[in-house]
Amino acid sequence: MKSEIWAIGGGKGGTGKSIITTTLGIYLAKQGKKVSLIDADLGGANLHSFLRIKKPKKSLTDFFEKKSPLKEIIIKTGVPNLQLIVGDINTFNPTSIKYTQKLKFFRHIISINSEFILIDLGAGTHLNTIDSFLLADKKIVVTVPEITSIENLYNFIKKALFRKINRILRDHQLKDVARNAWKNRNVNEIKDIKTFLYYLKKSSNQIKNLIDKELENFKIDIILNQVRNPNDIEIGFSIKSLLIKYLGIDVNFSGYIKYIDSFWDYYNGSQTHTSNENVLCTPLLNKDTHGLVNNLVEDKQLNLFNP
Ligand SMILES: Nc1ncnc2c1ncn2[C@@H]1O[C@H](COP(=O)(O)OP(=O)(O)OP(=O)(O)O)[C@@H](O)[C@H]1O
Ligand SMILES: [Mg+2]
């Protein structure tokens with residue numbers, strides 16, 4: 001079975017990447033899809049906590065330190081159809097992962113037998129995070145309607161795009177062209193990534209075709225989280241326009257999630273749920289997220305008239 005890989009990233013910390021990954025996973029699993037969640041936040045794993053798994057017996061530490069295959073460390077969750085690879089929860093220095101380990105990690109991920117594989121990424125723009133993002137078929141970014149989050153999101157996507165273009169040029173022995181163009185950016189009047197790409201594309205037809213093909217496949221899905229009022233939703237559309245204008249990439253504004261006041265009451269148990277409901281839900285699993293997940297699955301945009 002060919003799995004569909006979704007990565008959930010976005011640069012800024014605390015925007016809701018992990019809780020959204022958990023919510024998407026539970027929603028899809030409840031629809032009868034076989035789903036695997038991977039906690040690839042190598043510095044701060046917490047998907048297991050959002051799934052109420054207290055002391056996981058296996059984790060990515062076993063993969064990186066004991067060389068256990070990924071499929072041997074997958075654990076069941078309380079949700080039928082939903083399995084989890086717990087992130088590194090023991091002593092482990094995320095920056096110490098070797099390049100070969102990273103490639104092995106990616107090889108193992110794509111061989112997991114699931115309909116959906118959802119990868120939760122950490123904050124920041126570490127190359128391990130960017131490369132995991134680039135591995136995905138669906139590249140989802142989460143932001144909140146605040147300027148600092150949007151700035152980080154922009155830098156995250158820019159870095160990912162830059163890495164992807166550099167990689168493809170390197171694979172065709174054309175890396176020097178990009179390096180020299182960037183080095184001489186003042187002379188060449190390159191002021192941003194869009195003019196950089198424009199300059200590269202002008203240099204040869206081969207490069208133009210390569211870049212055009214990469215840009216065609218580089219699509220971003222935006223989720224706007226912690227929306228507190230209807231005006232915030234406009235920000236999602238503005239981010240989409242900004243990314244198209246300055247990076248020249250294809251973007252979907254897939255949907256938004258409201259700010260939930262009682263978020264922690266839900267986990268701290270002061271809300272009344274039966275034990276079963278408790279495991280099967282997250283505070284974000286409500287009618288808004290239904291529309292959002294359907295848009296992601298069907299590759300559609302948020303439609304305010306038919307959310
Ligand atoms: N829709 C929401 N309503 C209310 N609170 C929210 C919402 N989404 C996220 N939060 C709050 O933000 C916190 C951080 O969420 P989460 O851990 O998913 O973010 P993250 O982006 O994964 O963070 P990190 O970058 O540190 O991994 C949650 O613990 C919760 O308190
Ligand atoms: Mg997180």
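Helices, of at least four residues, and strands, of at least two, are DSSP runs numbered from the N terminus. The structure is a predicted model. It contains an open sheet of eight strands with mixed pairing, and 19 residues surround ligand 1.

**Surroundings of ligand 1**
- Among the 19 residues around ligand 1, those that come nearest are Gly13, Gly16, Lys17, Ser18 and Ala123.
- Helix α1 (17–30) and strand β7 (219–227) each contribute at least two residues to the shell around ligand 1.
- With three residues, α1 gives the most to this shell.
- By residue class, the shell around ligand 1 consists of 10 polar, seven nonpolar and two charged residues.

**The sheet**
- The strand order in the open sheet is β3-β4-β2-β5-β1-β6-β7-β8.
- Strands β3 (75–76) and β8 (250–258) each have a single partner strand and stand at the edges, so one side of each has no neighbour in the sheet.
- Strands β2 (residues 35–40) and β5 (residues 116–121) run parallel and are joined by six bridges.
- Ser36 has Ile117 of β5 as its bridge partner.

**Helices lying across the strands**
- Helix α1, which supplies three residues to the shell around ligand 1, lies across β1 (4–9), β2, β4 (82–85), β5, β6 (138–143) and β7.
- The direction of α1 is at about 170° to β5.
- Helix α5 (residues 127–135) lies across β1, β2, β5 and β6.
- Relative to β1, helix α5 runs at about 145°.

Technical notes
Residues are numbered from 1 along each chain as its sequence is written. Chains are lettered from A and ligands numbered from 1 in the order in which they are written. This is a predicted model: local features need pLDDT of at least 70, side-chain atom pairs count only at pLDDT 80 or more; totals for chains, interfaces and linings use all residues. A residue is near a molecule or strand if its C-beta atom, placed from the backbone, lies within 6 Å of it. Ala, Val, Leu, Ile, Met, Phe, Trp, Tyr, Cys and Pro count as nonpolar, Asp, Glu, Lys and Arg as charged, and the others, Gly among them, as polar. Two strands pair if DSSP finds at least two bridges between them. Two residues are in contact if their C-beta atoms, placed from the backbone, lie within 7 Å. Axes are lines fitted to C-alpha atoms, for helices over the stretch in contact, and angles run from 0 to 180 degrees between N-to-C directions.
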